[in-house]
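Visitor: I'm new to this one. Could you show me how to read it, one feature at a time?

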Amino acid sequence: MGQRIAVFGGTFDPPHIGHLVVASEVRHRCGFDAVLLMVANDPWQKRSTRLITPAADRLAMVEAAVDGHDGLVASAMEIGRG
């Protein structure tokens, strides 16, 4: 049987403890092997309301935030798709 993986997408500008708490709780309560925190490439719905930190920088912040948290993984999949 394969791994159970959840996807938690967002702008993560910046990532904060609330994001980590939600991801960890979902992982443990729902029995997922991992939760991918998928960084939005171009959050179009927020673009006109404020400045958005570049995607590569937001990804680096998410990578730092999940470091040391088992089962939480930063994902660049949406950034890679453009």
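**Starting from one serine**

Guide: Let's start with Ser-75, which lies in strand β3. Keep in mind that this is a predicted model.

Visitor: Is Ser-75 buried or exposed?

Guide: The idea is to check relative accessibility against a cut-off: under 20% means buried. Ser-75 comes in at 8% relative accessibility, so Ser-75 counts as buried.

Visitor: Which residues does Ser-75 touch?

Guide: Leaving aside residues up to four places away in sequence, Ser-75 touches Leu-36, Leu-37, Met-38, Val-39 and Leu-59. There's a polar contact to look at too: the Ser-75 side chain reaches the backbone nitrogen of Met-77 at 3.2 Å.

Visitor: How many bridges join strand β2 to β3?

Guide: Strands count as paired when there are at least two bridges between them. Here β2, residues 34–39, is joined to β3 by four bridges, and the two run parallel. For a spot to find on screen, look for Leu-37, which stands opposite Ala-74 in β3.

Visitor: In what order do the strands form the sheet?

Guide: The order is β1-β2-β3, three strands in an open sheet with parallel pairing. β1 (5–10) and β3 (72–75) each have a single partner strand, so they stand at the edges, with one side of each left without a neighbour in the sheet. On average, neighbouring strands here are turned by 25° against each other, direction ignored.

Visitor: Which helix packs on the sheet?

Guide: That's α3, residues 55–66, which touches β2 and β3. To read its orientation, compare directions: that of α3 makes about 170° with that of β3.

Definitions and conventions:
Residues are numbered from 1 along each chain as its sequence is written. This is a predicted model: local features need pLDDT of at least 70, side-chain atom pairs count only at pLDDT 80 or more; totals for chains, interfaces and linings use all residues. Side-chain values use heavy atoms; hydrogens and water are left out. Axes are lines fitted to C-alpha atoms, for helices over the stretch in contact, and angles run from 0 to 180 degrees between N-to-C directions. Contact means heavy atoms within 4.5 Å. Buried means under 20% relative accessible area, exposed over 50%, partly exposed in between (1.4 Å probe, protein chains only). A polar contact is a pair of N or O atoms within 3.5 Å; within protein, one must be able to donate a hydrogen and the other to accept it, and residues adjacent in sequence count only if both atoms are side-chain atoms.
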